[in-house]
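Q: Hi! Could you walk me through this protein model? I'm new to reading structures, so plain answers would be great.

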Amino acid sequence: MGEWPLVTFTLLVQSSVGIVILTALYFCWFEHEVGNQRATLVMKPALLTAAVLGCLGLLSSTLHMGYPLNAFHALRHISSSWLSREIVFAALYLGALCLYTLFVLIKGHMNRTVLVLIGLLGLIDIFCMSSLYYHTSMLTWMHINTYFMFFGSVFAAGAAIALGVITIQAKVIASPTLPYKMVAVALLIIFLAVTIRLIIQPFYVEWISDELLTNNAITFPQTPIHAYNEIFALRVIAWLMSIAGILILGYSMWKKRVAILTAGMPLVLTGCAVIFIGEVLNRFAFFIVK
């Protein structure tokens, strides 16, 4: 299971960015309805979760480096190296997120503009992360599918975690309509993130099949379509988990519309958990190359 460090690093950082973005959106709604202080009270656990996941992801990234301290040497090549850019923007994002989380915990006041700016830093970091894996000699990563997989996890895993954390806090002070709106928007975001990636898959499979015939460069794996097919079952299970999570969230909205944060809470949390598990399995399928 040597893929654990890469899976943990990429998925936790991407989830962290997604949580920040959803927190900024939900905070705007709550601030308008109940004021800044009470809205901040609801959003603080989500912001803290984003900071913790980001830091855990950063720590896990050192586990697949032979000499972690050598990461500092990569900063000298920021003009030409995606690794250097990823390190810089990861540091900027996590530094800003952790400092702002500490500020919010102490002051009890949150600002939507700051949240948006931190989220933008995170998205830039994810772009650099995607480009880092795209520009490698690993043929199965050298496709735009890599960008869709990583950004898809930002919005699928991030939205699932944010929804699960925030709804637990929001059930006390939210109006009857706001919880339904929260679940509906999170469900739409997750649905789009999963659907767009599914649409890309046939084009990705066609591309790696063509590369088997036309690519003469020395890359790994040398038979990419065979590597893809060897973990086909894992990919199918991952996609089915994502679809199941979407259906569970949709069912919670239909069945528990009036009491979605009370009687419907188990369904909401179950749907979020299933979606995140699907993202974990999908990430293993991305990194496992036999």
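Q: Let me start with one residue. Is Glu-279 buried or exposed?

A: Happy to help! One thing to know early is that this is a predicted model. Glu-279 is buried, because its relative accessible area is 0%, and the cut-off for buried is under 20%.

Q: Okay, and what does Glu-279 form a salt bridge with?

A: Its partner is Arg-197, and the closest N and O atoms of the two are 2.7 Å apart. Arg-197 lies in helix 6 and Glu-279 in helix 9, so the salt bridge ties together parts that are 82 residues apart in sequence.

Q: What about Arg-197 itself, buried or exposed?

A: Arg-197 is buried, with a relative accessible area of 1%.

Q: How many salt bridges are there by this rule?

A: The count comes to two. Besides the Arg-197 and Glu-279 pair, there is one between Arg-112 and Glu-31, where the closest N and O atoms are 2.5 Å apart. Here Arg-112 belongs to helix 4 and Glu-31 to helix 1, so this pair links parts 81 residues apart in sequence.

Q: Why can side chains of opposite charge pair at all?

A: In general, side chains of opposite charge can pair when their charged atoms come close.

Q: And how does Arg-112 count in terms of accessibility?

A: Arg-112 counts as partly exposed, because its relative accessibility is 38%, and partly exposed is the range between under 20% and over 50%.

Q: Let's zoom out. How many helices and strands does the chain have?

A: The chain has nine helices and zero strands. Reading along the sequence gives the pattern α-α-α-α-α-α-α-α-α.

Q: What share of the chain is buried?

A: Buried residues make up 50% of the 290 residues. As for contacts between residues at least 6 apart in sequence, 79% of them join residues at least 24 apart.

Q: So what's in the largest nonpolar core?

A: The largest nonpolar core has 73 residues, and Tyr-26, Phe-30 and Leu-163 have the most contacts inside it. Several helices supply at least two residues each, including helix 1 (4–34), helix 5 (145–170) and helix 6 (177–214). Helix 1 gives the most, with 16 residues.

Q: Tell me about Tyr-26. Which residues is it in contact with, leaving aside neighbours within four places in sequence?

A: Tyr-26 is in contact with Met-43, Leu-163, Ile-166, Met-182 and Ala-186.

Q: New topic: helix packing. At what angle do the axes of helix 3 and helix 4 cross?

A: They cross at roughly 155°, and the axes come within 8 Å. Helix 3 and helix 4 are therefore roughly antiparallel to each other, since angles over 145 degrees count that way. The crossing of helix 3 and helix 4 is left-handed. Among the residues making this contact are Trp-82, Phe-89 and Tyr-100 of helix 3, along with Ile-118, Phe-127 and Leu-132 of helix 4.

Q: And helix 2 with helix 5: is that crossing left-handed or right-handed?

A: That one is right-handed. The axes of helix 2 and helix 5 come within 8 Å and cross at roughly 150°, so these two helices are also roughly antiparallel to each other.

Q: Which residues meet there?

A: From helix 2 there are Val-42, Met-43, Pro-45, Ala-46, Thr-49 and Leu-53. They meet Ile-161, Val-165, Ile-166, Gln-169 and Ala-170 in helix 5. You may recognise Met-43 and Ile-166 from the contacts of Tyr-26.

Note on methods: Residues are numbered from 1 along each chain as its sequence is written. This is a predicted model: local features need pLDDT of at least 70, side-chain atom pairs count only at pLDDT 80 or more; totals for chains, interfaces and linings use all residues. Side-chain values use heavy atoms; hydrogens and water are left out. A nonpolar core is a set of buried Ala, Val, Leu, Ile, Met, Phe, Trp, Tyr and Cys residues joined through side-chain atoms within 4.5 Å. Buried means under 20% relative accessible area, exposed over 50%, partly exposed in between (1.4 Å probe, protein chains only). Helices (H or I, at least four residues) and strands (E, at least two) are DSSP runs, numbered from the N terminus. Contact means heavy atoms within 4.5 Å. A salt bridge is a side-chain nitrogen of Lys or Arg within 4 Å of a carboxyl oxygen of Asp or Glu. Axes are lines fitted to C-alpha atoms, for helices over the stretch in contact, and angles run from 0 to 180 degrees between N-to-C directions. Angles under 35 degrees count as roughly parallel, over 145 as roughly antiparallel, 65 to 115 as roughly perpendicular and the rest as oblique. A crossing is left-handed if the near helix is turned anticlockwise from the far one by less than a right angle, and right-handed if clockwise.
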